[in-house]
Amino acid sequence: MNRISHFEIHADDVERAAKFYRDVFGWKIEKWDSKEMEYWMVMTADKDSKEPGINGGLLKRPAPITDKACGSNAFVCTVVVEDFDAVAKKIVAAGGTEAMPKFAIADMAWQGYFIDTEGNTFGVHEPMKKM
């Protein structure tokens, strides 16, 4: 199989984006010490976590987005959360916007899409509790 092992978030304002993802999801985001480029490491869980998922990076957008209404222009990552509604409120409070309202996926999960402070689309996914 060819698994995704890393993601990158492009930002016009890297510090603003880092604050957004720290505030909403509690990710650890730290500047990587490199003379070649400005790059920030994104840790979505502790290093020895057994929770499934991947870590990534955050960097200055290499080229401007020409049309904010173009839809996604890269892979859309989805974040699994315990409480969709609580996270949706945090997203809006942190400067994000709703792109597609919460909807049910066949008695399996709640899903929705948002746009971060940099114009990037991402998903939020809450597995439904089994009764």
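## Ground rules

Helices and strands here are DSSP runs (H or I of at least four residues for a helix, E of at least two for a strand), numbered from the N terminus. With that in hand, W110 can be placed in strand β7, residues 109–115. We'll come back to W110 further down.

This is a predicted model, in which local features need pLDDT of at least 70 and side-chain atom pairs count only at pLDDT 80 or more, while totals for chains, interfaces and linings use all residues. Residues are numbered from 1 along each chain as its sequence is written, and side-chain values use heavy atoms, with hydrogens and water left out.

## The overall picture

The chain has two helices and eight strands. Walk along the sequence and you meet them in the order β-α-β-β-β-β-α-β-β-β. The C-alpha atoms fit in a box of roughly 55 × 40 × 35 Å along the principal axes.

How does the radius of gyration fit with a compact globule? For 131 residues such a globule would come out near 14 Å, and the chain has 15 Å, which agrees. The radius is taken over C-alpha atoms, and the globule rule is 2.2 Å times the number of residues to the power 0.38.

## Surface, charge and contacts

Of the 131 residues, 31% count as buried. Buried means under 20% relative accessible area, exposed means over 50%, and partly exposed is in between (1.4 Å probe, protein chains only). The accessible surface adds up to about 9,100 Å², and 55% of that belongs to carbon and sulfur atoms. These areas come from the Shrake-Rupley method with a 1.4 Å probe, and for residues only the protein chains shown count as cover.

On the charge side, there are 17 positive and 21 negative side chains, with the centres of the two sets 2 Å apart. Lys and Arg count as positive, Asp and Glu as negative, and His and the chain ends are not counted. Each charge is placed at NZ of Lys, CZ of Arg, CG of Asp or CD of Glu.

As for contacts (heavy atoms within 4.5 Å), take those between residues at least 6 apart in sequence: 52% of them join residues at least 24 apart.

## Inside the core

A nonpolar core is a set of buried Ala, Val, Leu, Ile, Met, Phe, Trp, Tyr and Cys residues joined through side-chain atoms within 4.5 Å. The largest one here has 24 residues, and F25, W27, L58 and V124 have the most contacts inside it. Two or more residues each come from β1 (7–11), α1 (14–25), β3 (39–43), α2 (84–93) and β8 (121–127). Which element gives the largest share? That would be α1, with seven residues.

W27 is a good one to click on. Setting aside residues up to four places away in sequence, W27 touches F7, I9, Y21, R22, V42, M43, T44 and V79.

## W110 meets E126

Back to W110, which is partly exposed at 30% relative accessible area. Beyond its neighbours within four places in sequence, W110 is in contact with F84, K102, F103, A104, V124, H125, E126 and M128. W110 and D85 are 25 residues apart along the chain, and their C-alpha atoms are separated by 9.8 Å.

E126 sits in strand β8. Is E126 buried or exposed? E126 is buried, with a relative accessible area of 13%. Not counting residues up to four places away, E126 touches V81, E82, D83, F84, A109 and W110.

## A look at the loops

Most residues other than glycine have a negative phi. In the loop between β6 (97–105) and β7, though, A106 has a positive phi near 35°. D107, also in the loop between β6 and β7, has a positive phi of about 55° without being a glycine. A106 counts as exposed at 71% relative accessibility, and D107 counts as exposed at 68%.

Two other loop residues are worth finding. A63 lies between β4 (56–60) and β5 (78–80) and is partly exposed at 45%. A63 and D12 are 51 residues apart in sequence and 9.1 Å apart in space, C-alpha to C-alpha. G119 is in the loop between β7 and β8 and is partly exposed at 30%. From G119 to G56, 63 residues apart along the chain, the C-alpha separation is 18 Å.
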